[in-house]
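Dear colleague,

Please find below the structure that I am handing over to you. My findings follow after it.

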Amino acid sequence: MATVSMTVNGNKVSRDVEPRTLLVQYIREHLELTGTHVGCDTSQCGACVVHVDGQSVKSCTILAAQAEGSQVTTIEGLAKDGKLHPMQEAFREHHALQCGFCTPGMIMSAIDLVEKNPKLTEEDIRHGLEGNLCRCTGYHNIVKAIAAAAKTMGG
Amino acid sequence: MYAFNYHKPKSLADAQALVAKFPDGKILAGGHTLIPTLKQRLAQPTDLIDIGGLAELKGITVSGSTVSIGAGTKHGEVADSADVKKAIPALAALAALIGDRQVRNKGTMGGSLANNDPAADYPGAILGLGATVHTTKRAIKADDFLKGMFETALDEGEIITKVEFPVPKRAAYEKFRNPASRYVMVGAFVAETASGIRVAITGAGPTAYRWADAEKALGAKFAVASVEKLVHTSNGLNADIHASAEYRAHLITVMTKRAVAGAGG
Amino acid sequence: MNAVTGTGIGASVRRKEDYRFITGQGTYTDDINRPGQLHAYFVRSPHAFAKIKSIDTAAAKASAGVVAVFTGQELAADKVGGLICGWTVTGKDGTPHKAPPHPAIALDTARCVGDQVAVVIATTKEIARDAGEKIVVDYDVLQAVVDPVDTLKPNAPQLHAEAPGNLCYDWEFGDRASTDAGFAKAAHVVKLDLINNRLSPNPMEPRVAIGEHDRATDTTTCYSTSQNPHVLRLILCAFIFGLPEHKVRVVAPDVGGGFGSKIFCYAEEVVCVWASRKLNKPVKWTSDRSEAFLTDAHGRDHVTHAELALDKDGKFLALKCSTIANMGAYLSTFASCVPSYLYALLLAGQYTTPAIYAEVKAVFTNTTPVDAYRGAGRPEATYVVERLVEVAARQLNMDPAEIRKKNFIAPDAFPYQTPVAVAYDSGQYELSMNEALKMVDYKGFAGRRAESEKRGMLRGIGFAAYIEACGIAPSAVVGSLGAGVGLWESASVRFNPTGSVSVFTGSHSHGQGHETTFAQVVSEKMGVPIEQIDIVHGDTQRIPMGMGTYGSRSLAVGGSAIVKACDKLIAKGKKIAAHLMEAAVDDVEFDAGMFKVAGTDKSVPIGQVCFTAYVPHNYPADLEPGFEENAFYDPSNFTYPAGTHIAEVEVDPGSGHVTIAKWVAVDDFGNVINPMVVEGQVHGGVAQGVGQAMLEGVVYDKASGQLLTGSFMDYTMPRADDLPNFDVGMTHTPCPHNPLGVKGCGEAGAIAAPAALMNAITDALGVEIDMPATPEKVWRAAQGKVRALAAE
């Protein structure tokens, strides 16, 4: 067991975990923040995407220990004082989700994408989503939602 | 994953000491090859030595005709680097095609090269540009570095510290992706360098290699017409459910042609 | 739309369920953890076909943290029944299909890679897996067979003693004599050999099962990623464990997509429930994606020879096809009906083809079982019909739109009795096609093709005028065809005393948006805003017996049950309102939430009626209190959504890369409750159909039986940059036999898309190829095309 500490959604947390604990396990099983999902075991699907120190990463492909001391944001940490993030609003407004399982990772990826390139084109969005799989929507409305959110976010 | 011990050395020297201490340990850089491997239980290291945070391995510097990139530099940092984009735009463009956005935010150049996956992009870049791989022990020319599928010239415990890329006159990389994994199925890195034309093919064979026929043809004239009729042999190329050796051979010509066009040939 | 609420039928209201999903508050099965919970790890066969000589579990059992290790022997000793197939198909010779034993954990033989061989129950998942690797299984590896054609060969390995020749059934449908007569008088016969590739459903949420036994009440709960919790409970109770249903509860909370694969009862559910009773501890299993590829029921996998007979003018005279359908190693829950009744009955398509004959051999191979996957049989039928029609147009040099129009069933011909048993309810096929032709700018195609050719690209256009049958029913008919269940649906609409509404439905939402669309139906009917309406589903202890969600049935069947329950409430409400207004019941009308006395200005709102029903101080003497009604709805027929999809592609002959330039879908789902949600269903269906046509395909190694596409590294899932924007249009021909006039929309895209896209790609190439049209396959075909052009 090793003690791993980090700041998650603004809260300092510390847990004793096995070294082999993945960040996603730390978040889901130890912090009980179950909004971050696991949809594959080969780092392909992106259901587990969270932000670590401001960058989107696949939390199934880093050890919790690697995130020691980091600032982590999960889907649960996006809405501030009950006010949804513009990306969350856009997903709801444009019906960019159906079963909702890929949605947290998709939203976390989308925010990173727009923050790094606020003036992104449809092609940029489609290319930028290559690390996230959705089986329900055919991506059509996800692309629309991200484009709309980019405008709101100041692109 | 099997259980292991985790170490986070504070310096490269500490890391080397740990590597020496745990012969059945493994070095963890970005982890984007190693962790998936561990999750599939395809490796069972006793210890992981995490060099991901070492400042000594970070950074991009351009001096004169050389771009030097620390081994711990992430793919996304290379892709977004204004310096790299200016000096060797083909290298930044290649980095932007590795994996996906999240992989590029964690995966490192050193990790990719040390692993030498046949479906990796960076081996094509170091070979295509004639880079030099610097390690804790020595400097290795790209032509001597890649030894075979998942094999490099690195000794046990030898850690890549940085890679030096000579700035070419012009270069371009074209990639045909495996439709499922998005890894490179056939990539062609074409460069006109101070020491001549270099054409590196990655993804197609057990490891990246230079295509002598194309280099010769482009040496005579750097133009699409020089390569479009070239026929690459399918002997020795990879074959899987996504592409036969014959198709890969064909794509080598197509991608090389596109790269030449991309480099202004 | 209901003018009062603004949230009734026809409004694209935002989904009620979305808030919890976009904030990470959804509760999926893996998010549930029970006190004292143990974890199950399944040891699976690494071989496609092997005798199990012995299993040594001693080292695993001795590991710290391991609570138990079980093999098939322990389940057998406890008389745990095997997995069942709930639909019996009767073959040509009058004998029922062969459904060999399917133990939840293999007893002496493993018949596919991934077959369960043992299970370790431990305190953590990692400990269970560590221990699982210490189990030593001595296998006698046998030669496997994975190909559905090979498995019928005389020297093929034999999977089951109960199924000689690996034949599950040899079935036929339609009139052979009249079909032969049609071919005898044909001016043209078009022949095609088609492979309908095997698919892995891959909902993004992998399956999960938790068993939990409560000794105090002797009740066992199974939390499961199920599309139909009551059917799962029925199977667990009646067939697997012999337990009374009131002592078993199945909960399917938020479920992350199903597409058919979560209809079925799986071994892991059986084992977790059984082990939780045996150990008196909750037992949880969460599938890895790698396990999902091995164990989630696959879809499709047909090999078909099909022929279409036409007269000299291109009028269809007869259609026949012969199909071999791969069932995999065992018969899954509803596997048998998919390549038979859900397939051959749709072979008329949208056309007046007077004679049709189909024969289907269902076969066993050493592969993962195959069952219903989005569309289930109907995509396979549409693929046969629409590929034949397209090729017929090419061979007869007719316009592909014109040949279809020439053969469409006319709008005034409904109800239309097809030669394959089913009678279509309503349709305007030419209307949808004309709209699609307009949207795609069909007239401009020649110009676009010429422009592509200038750039060295090949351009193609392809059609699919599909038919679907949804809401499989009525129960008496499906019963006569071999179904082991009824296919009605239930609803309970409960007004709470202060006017909010709880609707309990047997349908299950795993992405379809029932919490919104069903609420819209109630909002429209009862004049209550949707914010005051909750849709409750997915828990056998809370809802009436229901049949779940599959086959695009939820709205047509489940929604109709809700309407029926609402109608009962309105009838009761009229009695209460009449009493309150001192009027005759027959004079009371209900509209937009108000009970009114006809021809007067007297009215009472539904809220007051509801309150009165619960506080019946001033109440009709002969009326029960309360404002809640149950209804069961058994449809009188299937519904038949139809439409035309048109794909336009550009093929790079140099690399084999295909770009989808345009996608037009014009569907007729009858009336539509929430257009936004319906369009979303179309997008998703098309994406899966595009996946089947261009990207996806389960591949087994023929020699070893190993699954080669065992992860997303090798199984190509459609990604955002593989797909275009979809241009979706609609026509509305109401279903005449259900109260909402709705037809179902969940599967249409997946049914239409493969044929449309393959017709487009083969149009571009000038060569027929099979799915999936991978870059290499397209490149090889394009090489032939380029050579052919050069030779012209």
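I begin with chain A. Among the contacts in chain A with a separation of 6 or more, 60% are between residues 24 or more positions apart. Please bear in mind throughout that this is a predicted model. The predictor assigns the complex an ipTM of 0.98 and a pTM of 0.97. For chain C, the average pLDDT is 96, and 98% of the residues score at least 70.

**Chain A**

Chain A contains 5 helices and 5 strands, and their order along the sequence is β-β-α-β-β-β-α-α-α-α. Along the principal axes, the C-alpha atoms of chain A fill a box of roughly 45 × 30 × 25 Å. The radius of gyration of chain A is 15 Å, which agrees with the value near 15 Å that a compact globule of 155 residues would have. Of these 155 residues, 63% count as buried.

Helix H2 of chain A (residues 86-93) deserves separate mention. It is largely enclosed by the rest of the structure, because 6 of its 8 residues are buried. The buried residues of H2(A) are A:Pro86, A:Met87, A:Gln88, A:Ala90, A:Phe91 and A:Arg92. They pack against helix H3 (103-116) and helix H5 (140-152) of chain A, and also against helix H1 (18-22) of chain C. After H2(A) comes A:His95, which has a positive phi near 50 degrees.

**Chains B and C**

Between chain B and chain C, 11 residues of the former are in contact with 15 residues of the latter. On the chain B side, helix H12 (residues 245-262) gives the most, with 4 residues. By class, this side of chain B has 8 nonpolar and 3 polar residues, and no charged ones.

**Domains of chain C**

The domain assignment divides chain C into domain 1 (18-26 + 488-633), domain 2 (32-142 + 204-257 + 262-295) and domain 3 (381-472 + 638-791). The C-alpha centres of domain 1 and domain 3 of chain C are 39 Å apart. Where these two domains of chain C touch, 15 residues of domain 1 are in contact with 18 residues of domain 3. On the domain 1 side, the elements that give two or more residues are helix H14 (514-526) and helix H15 (554-581) of chain C. H15(C) provides the largest share of that side, 6 residues. The class composition of the domain 1 side is 5 nonpolar, 9 polar and 1 charged residues.

**A hairpin in chain C**

Finally, I draw your attention to strands E22 (residues 588-591) and E23 (residues 594-597) of chain C, which run antiparallel and are joined by 4 bridges. One of the partnerships between them links C:Asp591 to C:Met594 in E23(C). The two strands, E22(C) and E23(C), form a hairpin with 2 residues between them. In the turn, C:Ala592 has a positive phi of about 50 degrees.

Which residues of E22(C) point to the buried face, and which to the other? C:Val588 and C:Phe590 point to one face and are buried, whereas C:Glu589 and C:Asp591 point to the other and are not. Such alternation between the two faces of the sheet is what the side chains of a regular strand show. C:Asp591 therefore appears twice in this account: its side chain is on the face that is not buried, and its bridge partner is C:Met594.

Yours sincerely

Conventions:
Residues are numbered from 1 along each chain as its sequence is written. Chains are lettered from A and ligands numbered from 1 in the order in which they are written. This is a predicted model: local features need pLDDT of at least 70, side-chain atom pairs count only at pLDDT 80 or more; totals for chains, interfaces and linings use all residues. pLDDT is the predictor's confidence in each residue, from 0 to 100. Two residues are in contact if their C-beta atoms, placed from the backbone, lie within 7 Å. Ala, Val, Leu, Ile, Met, Phe, Trp, Tyr, Cys and Pro count as nonpolar, Asp, Glu, Lys and Arg as charged, and the others, Gly among them, as polar. Domain bounds come from an automatic or database domain assignment. A residue is buried if 20 or more other C-beta atoms lie within 10 Å of its own, exposed if 12 or fewer, and partly exposed in between; C-beta atoms are placed from the backbone. Two strands pair if DSSP finds at least two bridges between them. The radius of gyration is taken over C-alpha atoms; the globule rule is 2.2 Å times the number of residues to the power 0.38.
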